[in-house]
Amino acid sequence: MPVLALLSAVFVVGIEQTVQWKYGATGIIGLLLLTIGIKAKNPAVSSIGAVLLALLVAGPAL
């Protein structure tokens, strides 16, 4: 069980670092809002985070 928790934590930290490196502070805020919304079962907060991340990813195409 501790190995699974460790691997999960390493994966999450890796994703956060990749988002921060590629999209900066705005990407971290979007990821944070999405995560908080999912854990709190709040669709409004998770939707805001998802839209923010989608705008960052699609920004160069717009």
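**A note on helix H1 and what follows**

1. Just past the end of H1, Lys41 adopts a positive phi of about 55°. Please keep in mind as you look around that this is a predicted model. Lys41 has this positive phi although it is not a glycine, so you may like to pick it out in the viewer. Its place is the loop between H1 and helix H2, which covers residues 43-58. With a relative accessibility of 74%, Lys41 counts as exposed, because exposed means over 50% relative accessible area.

2. Now step back to H1 itself, residues 2-39. A straight helix of 38 residues would span 56 Å at 1.5 Å a residue, yet H1 spans only 21 Å between its end C-alpha atoms. When you trace H1, look at Tyr23: the helix bends by about 135° there.

3. Which residues of H1 are buried? They are Val19, Gly27, Gly30, Leu31 and Gly37. The buried residues of H1 pack against H2, so H2 is a good place to turn to next when following them.

4. The surface deserves a look as well. Phe11, Val12 and Ile15 form a nonpolar patch there, and together they have about 280 Å² of accessible area. Ile15 belongs to helix H1. Is Ile15 buried, partly exposed or exposed? Its relative accessible area is 37%, and Ile15 is therefore partly exposed, as this value lies between the 20% and 50% cut-offs.

Notes: Residues numbered from 1 in each chain as written. Predicted model: local features only at pLDDT ≥ 70, side-chain atom pairs only at ≥ 80, totals over all residues. Heavy atoms only, no water. Patch = residues over 30% accessible without salt bridge, like charges linked within 9 Å, V, L, I, M, F, W, Y side chains within 5 Å. Areas by Shrake-Rupley, 256 points an atom, 1.4 Å probe, with all protein chains shown as cover. Salt bridge = Lys/Arg side-chain N within 4 Å of Asp/Glu carboxyl O. Helix = DSSP H or I, 4+ residues; strand = E, 2+ residues; numbered from the N terminus. Buried < 20%, exposed > 50% of the residue type's maximum accessible area, 1.4 Å probe, protein only. Expected span 1.5 Å × (residues − 1). Bend = angle between axes of the 7 residues up to and from the residue. Contact = heavy atoms within 4.5 Å.
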